[in-house]
Amino acid sequence: MSNIDPQLQTMIDNMPEKTGKSLEDWYGVIQKAGLEKHGDIMKLLKGEYDVTHGFANTITLLYRQQAAGGPPAEEDLVAAQFAGPKAELKPLYDQVIKTVESFGKDVEIAPKKTYVSLRRSKQFGLVQPSTQTRLDIGLILKDVEPQGRLEASGSFNAMCSHRICIEQPGDLDAEVKRWLKQAYEAA
């Protein structure tokens with residue numbers, strides 16, 4: 001597993017050109033201002049320095065994570081998703097991850113706060129414990145009509161074109177594995 005999301009790394013790399021300062025320089029500006037709250041830091045960056053919303057938010061989030069001792073470990077993010085009433089879904093999640101990892105050595109599993117991103121050269125899907133009894137697999141499948149258990153993602157997640165709901169080990173069948181593999185191959 002990678003320590004930093006490739007898209008985030010690209011933003012950090014582009015920061016000096018796009019904002020006039022490196023991330024470390026922005027940390028110094030915020031520290032000198034003595035700000036701690038997200039909204040106050042955003043106001044400073046956007047108002048006094050004309051930093052765009054996307055960069056201001058990224059700088060603020062990273063600064064606050066660093067000030068709190070760093071971002072949570074990827075294992076902690078997954079553990080938090082499957083804590084409490086969603087704990088029974090963890091073995092099902094593990095099955096999905098094992099299936100995806102079997103597609104190739106280039107698979108990247110990138111946990112986020114509420115879901116786990118499935119990446120290759122780019123994101124091809126995600127896994128999310130949506131309810132206490134349902135794990136949703138979001139897939140990016142361009143020009144594929146929804147069919148059977150492969151439904152349009154609707155409001156599930158804007159990054160994905162499709163969603164498959166699974167609730168028990170038998171739901172991760174050959175059809176679901178075929179859709180996962182197709183999304184992987186298209187990435």
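1. Let me start with a pair you can find quickly: Glu-108 and Arg-119 join their side chains in a salt bridge, at 3.8 Å from N to O. By salt bridge I mean a side-chain nitrogen of Lys or Arg within 4 Å of a carboxyl oxygen of Asp or Glu. Glu-108 sits in strand 1 (residues 108-111) and Arg-119 in strand 2 (residues 116-119), so this pair ties together parts that are 11 residues apart in sequence. Helices and strands here are DSSP runs numbered from the N terminus (helices are H or I with at least four residues, strands are E with at least two). Glu-108 is buried at 14% relative accessible area, and Arg-119 is buried too, at 4%. The cut-offs are under 20% for buried, over 50% for exposed and partly exposed in between, with a 1.4 Å probe and protein chains only.

2. A word on the source: this is a predicted model, where local features need pLDDT of at least 70 and side-chain atom pairs count only at pLDDT 80 or more, while totals for chains, interfaces and linings use all residues. Residues are numbered from 1 along each chain as its sequence is written, and side-chain values use heavy atoms, with hydrogens and water left out.

3. Back to the charged pairs: the whole structure holds 7 salt bridges. One of them links Arg-163 to Glu-151, with the closest N and O atoms 2.6 Å apart. Arg-163 belongs to strand 6 (residues 162-166) and Glu-151 to strand 5 (residues 151-152), so parts 12 residues apart in sequence are tied together by this pair. Arg-163 counts as buried at 17% relative accessibility, whereas Glu-151 is partly exposed at 29%. Through shared partners, salt bridges join Arg-134, Asp-136, Glu-151 and Arg-163 into one network.

4. Gln-128 is worth a look alongside that network. This residue is in strand 3 and is buried, with 16% relative accessible area. Leaving out residues up to four places away in sequence, Gln-128 touches Thr-114, Tyr-115, Arg-134, Leu-135, Asp-136 and Phe-156. Contact here means heavy atoms within 4.5 Å. Two of the residues on that list, Arg-134 and Asp-136, also belong to the salt-bridge network.

5. Then there's a salt bridge inside a helix: Asp-94 and Lys-90 meet at 2.7 Å, N to O. They are 4 residues apart in helix 6 (residues 90-101), which means about one helical turn separates them. Asp-94 is partly exposed at 35% relative accessibility, and Lys-90 is partly exposed at 28%.

6. Now the hydrophobic side. The largest nonpolar core has 30 residues, and Tyr-93, Val-96, Val-100, Leu-139 and Leu-180 have the most contacts inside it. Such a core is a set of buried Ala, Val, Leu, Ile, Met, Phe, Trp, Tyr and Cys residues joined through side-chain atoms within 4.5 Å. At least two residues each come from helix 6, strand 2, strand 3 (123-129), strand 4 (135-139), strand 6 and helix 7 (174-186). Take Val-100: beyond its neighbours within four places in sequence, Val-100 is in contact with Val-107, Ile-109, Leu-118, Phe-124 and Leu-180. Another core lies apart from this one, with 17 residues, among them Ile-12, Val-29, Met-42 and Phe-55.

7. For helix packing, try helix 2 (residues 23-33) against helix 4 (residues 53-67): the angle is about 75 degrees and the axes are 10 Å apart. That makes the two helices roughly perpendicular, a label for angles of 65 to 115 degrees. Helix 2 contributes Leu-23, Trp-26, Tyr-27, Ile-30 and Gln-31 to the contact, and helix 4 contributes Ile-59, Leu-62, Tyr-63 and Gln-66.

8. Helix 4 residues also meet Leu-8, which lies in helix 1 (residues 6-19). Setting aside residues up to four places away in sequence, Leu-8 touches Thr-58 and Leu-62. Leu-8 and Thr-58 are 50 residues apart along the chain, yet their C-alpha atoms are separated by 8.3 Å. Leu-8 is partly exposed, at 24% relative accessibility.

9. Finally, two backbone oddities to check. Most residues other than glycine have a negative phi. Asp-50 has a positive phi of about 55 degrees; this residue lies in the loop between helix 3 (38-49) and helix 4 and is exposed at 68% relative accessible area. Asp-143 has a positive phi near 60 degrees, sits in the loop between strand 4 and strand 5, and counts as exposed at 84%.

Note on methods: Axes fitted to C-alpha atoms, helices over the stretch in contact; angles between N-to-C directions. Parallel < 35°, antiparallel > 145°, perpendicular 65-115°, else oblique.
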